[in-house]
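The exercises below ask you to read a fold from its strands, helices and cysteines. Work through each task with the sequence and the structure side by side before turning to its solution.

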Amino acid sequence: MDIKNSIILITSAGSVLGNTIANHFINLGATIVLCDDNPEGLESTYIQCYSRSKAVYRYPVTDYSNRTIQDLFDFIQDKFQTTPDVLVNNWTSSPMPSLVSAQSSKHFIDQFSSMASTLFSFGQASAHRMCKENKEGVIVNVISHDNFHDFSGLESANSMVEGFTHSWARELTPFKIRVGGVIPAIHNSEGKLDEYHWAQIQDELTRNTEYIVSNDYFSGRVVAAEV
């Protein structure tokens with residue numbers, strides 16, 4: 001896919017990874033739409049991107065309900081008379097309680113459910129709109145973590161992204177919609193993973209996202225980013 005002529009929707013654009021991905025694609029000449037339920041983070045990403053290109057739009061949301069997501073896609077449809085070419089389905093995972101912790105299981109269930117439902121809802125809405133327009137689009141599921149000091153639960157989040165990516169690719173291949181996944185690899189990183197190395201992983205996650213979008217033969221696979 002030609003990134004320069006693409007409309008790219010980036011979710012959780014106010015997060016560290018969302019900001020990095022947004023600035024990367026705006027530098028490549030894409031038109032980008034940013035969304036997030038964090039208004040301060042969203043505005044910060046928007047201002048940075050707007051200083052580089054005027055082809056950037058923001059859409060703050062108060063929640064990730066189906067109605068809100070449909071309203072977002074309606075906004076894009078009204079603005080461009082088409083649906084996005086690319087969905088960067090980005091989510092930042094938080095540390096989760098372990099089996100031996102004293103925390104209630106409800107915290108884990110609520111957090112995992114929120115992540116799953118949000119990733120699925122954006123993927124479903126995007127796939128539906130792409131199919132409706134017979135668009136050969138791309139969905140990239142990307143996961144990161146908001147605390148490099150505590151990666152508890154990241155393996156579970158990575159597994160979810162892998163499962164979604166494989167199953168969606170099989171389902172959407174007949175419609176010529178590609179699906180890929182990008183996850184952070186943290187194995188064998190004990191003792192070396194600090195803020196600098198974590199920033200490197202964020203950059204690698206972004207480069208792998210670009211690779212999936214631009215490579216017309218990539219679908220149904222997940223790339224693990226590590227340094």
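Two strands are taken to pair if DSSP finds at least two bridges between them, and helices (H or I, at least four residues) and strands (E, at least two) are DSSP runs, numbered from the N terminus. The model is a predicted one, in which local features need pLDDT of at least 70 and side-chain atom pairs count only at pLDDT 80 or more, while totals for chains, interfaces and linings use all residues. Residues are numbered from 1 along each chain as its sequence is written, and side-chain values use heavy atoms, with hydrogens and water left out.

**Exercise 1.** Determine how strand β1 is joined to β2, and by which route the chain passes from one to the other.

*Solution.* Begin with a single position: Ile7 stands opposite Thr31 in β2. Next, take the pair as a whole, where β1 (residues 7–10) and β2 run parallel and are joined by four bridges. Finally, follow the chain, which leaves β1, passes through helix α1 (residues 16–27) and arrives at β2 in a right-handed β-α-β crossover; right-handed here means that, with the strands pointing away from the viewer, the path from the first strand over the helix to the second runs clockwise.

**Exercise 2.** Repeat the analysis for β2 and strand β3.

*Solution.* Five bridges link β2 to β3 (residues 56–60), and these two strands run parallel. Within this pairing, Asp36 has Pro60 of β3 as its bridge partner. Helix α2 (residues 39–50) completes a right-handed β-α-β unit with β2 and β3.

**Exercise 3.** Decide whether the two faces of β2 are covered or open.

*Solution.* The classes come first: a residue is buried under 20% relative accessible area, exposed over 50%, and partly exposed in between (1.4 Å probe, protein chains only). Then sort the side chains by face: Thr31, Val33 and Cys35 lie on one side, Ile32, Leu34 and Asp36 on the other, and all are buried. The strand (residues 31–36) therefore counts six of its six residues as buried.

**Exercise 4.** How many disulfides does the structure hold, and are Cys35 and Cys49 buried or exposed?

*Solution.* With a disulfide defined as a pair of cysteine sulfur atoms within 2.5 Å, the structure holds zero. Cys35 counts as buried because its relative accessibility is 0%, and Cys49 is buried because its relative accessible area is 0%.

**Exercise 5.** Place these elements in the whole protein.

*Solution.* The protein has six helices and seven strands, and from the N terminus on they run β-α-β-α-β-α-β-α-β-α-β-α-β. Of its 227 residues, 50% count as buried.
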